[in-house]
Amino acid sequence: MELLCGLDLMEHERNAFGYAHFKGELMLPKHLVTIGEQAFYGCNFSGELKLPEELVTIGNAAFYNNARISGIIEFPGTITTIGKETFYGCNGIEGIVIPSSVENIRSGAFENCFYIGSIVCEGEMPARVESGAFNGVPKD
């Protein structure tokens, strides 16, 4: 599934595609700058999620409970905050790469992402991590 929309379409609509039960991969437009709150809450797309390089904001619970997202999530260097419950329950994610631009990781951001096997922090100073941000992620 390829999502074709304007740069800020999802900024204005909370739960814009929530529970749409998409099939296949989600391909976000390369010039997308904002993904709104709960934009893809409970959808069912599968495969790797490639975040656009110009992305500035990912709303709270944007990808909540999308268990079939897989691969490694690489955040662009334009992101400063990974919001509350952004990837909650996305237990197919295998790893994350956090750029030096990320200052905050909110509570529940990666909660119940059971299969995250690697977390790479590219900054000299790690981001401020709120309580519960990585609940359910293996600590080994």
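These exercises walk through a predicted model, each with a worked solution.

**Exercise 1. The sheet**

Work out the strand order of the open sheet, and find which strands are its edge strands.

Solution.
- Start with the order. The open sheet has four strands, arranged 2-4-6-8.
- Add the direction. The pairing is parallel.
- Now look for strands that pair on one side only. These are strand 2 (47-48) and strand 8 (118-121), the edge strands.
- Move to strand 4 (residues 69-74) and strand 6 (residues 93-98). Four bridges join them.
- Pick out one facing pair. Isoleucine 73 stands opposite isoleucine 96 in strand 6.
- One general point helps here. Strands of a sheet pair through backbone hydrogen bonds, either parallel or antiparallel.

**Exercise 2. Charged pairs**

Find the salt bridges of the whole structure, and decide which residues are linked in a network.

Solution.
- Count them. A search of the whole structure gives three salt bridges.
- Take glutamate 48 and lysine 50. Their side chains meet at 3.2 Å, N to O.
- Check how open this pair is. Glutamate 48 has a relative accessible area of 38%, so it is partly exposed. Lysine 50 reaches 53%, so it counts as exposed.
- Take arginine 106 and glutamate 130. Their closest N and O atoms are 3.0 Å apart.
- Place both residues. Arginine 106 lies in the loop between strand 7 (104-105) and strand 8, while glutamate 130 lies in the segment after strand 9 (128-129), so this salt bridge ties together parts 24 residues apart in sequence.
- Take glutamate 130 again. It also forms a salt bridge with arginine 128, with the closest N and O atoms 3.4 Å apart.
- Compare the arginines with the cut-offs. Arginine 106 is partly exposed at 28%, and arginine 128 is partly exposed at 49%.
- Join the results. Arg106, Arg128 and Glu130 are linked in a network of salt bridges.

**Exercise 3. Cysteines**

Decide how many disulfides the structure has, and find the cysteine sulfur nearest to that of cysteine 90.

Solution.
- The search of the whole structure finds zero disulfides.
- For cysteine 90, the nearest cysteine sulfur is that of cysteine 113, 5.4 Å away.
- A disulfide needs the two sulfur atoms within 2.5 Å, so a spacing of 5.4 Å does not qualify.
- Then check burial. Cysteine 90 is buried at 0% relative accessibility, and cysteine 43 is buried at 3%.

**Exercise 4. The core and its rings**

Describe the largest nonpolar core, then follow the ring pairs of phenylalanine 40.

Solution.
- Size the core. It has 35 residues.
- Name the residues with the most contacts inside it. They are Phe40, Phe63, Phe87, Ile105 and Phe110.
- Ask which elements give two or more residues. They are strand 4 and strand 6. Strand 6 gives the most, with three residues.
- Look at isoleucine 105. Among the residues it touches are Ile82, Ile98, Phe110 and Phe134.
- Turn to the rings. The structure holds ten aromatic pairs.
- Phenylalanine 40 and phenylalanine 45 pair edge-to-face, 6.0 Å centre to centre, with 85° between the planes.
- Phenylalanine 40 and phenylalanine 63 are stacked, 5.4 Å centre to centre, with 10° between the planes.
- This stacked pair links distant parts of the chain, 23 residues apart. Both phenylalanine 40 and phenylalanine 63 are buried.
- Finish with the cluster. Ring pairs link Phe40, Phe45, Phe63, Phe75, Phe87, Phe110 and Phe134.

Technical notes: Residues numbered from 1 in each chain as written. Predicted model: local features only at pLDDT ≥ 70, side-chain atom pairs only at ≥ 80, totals over all residues. Heavy atoms only, no water. Pairing = 2+ DSSP bridges. Salt bridge = Lys/Arg side-chain N within 4 Å of Asp/Glu carboxyl O. Buried < 20%, exposed > 50% of the residue type's maximum accessible area, 1.4 Å probe, protein only. Core = buried A, V, L, I, M, F, W, Y, C linked by side-chain atoms within 4.5 Å. Contact = heavy atoms within 4.5 Å. Phe/Tyr/Trp six-rings, centres within 6.5 Å; stacked < 30°, edge-to-face > 60°. Lists of a residue's contacts leave out its neighbours within four places in sequence.
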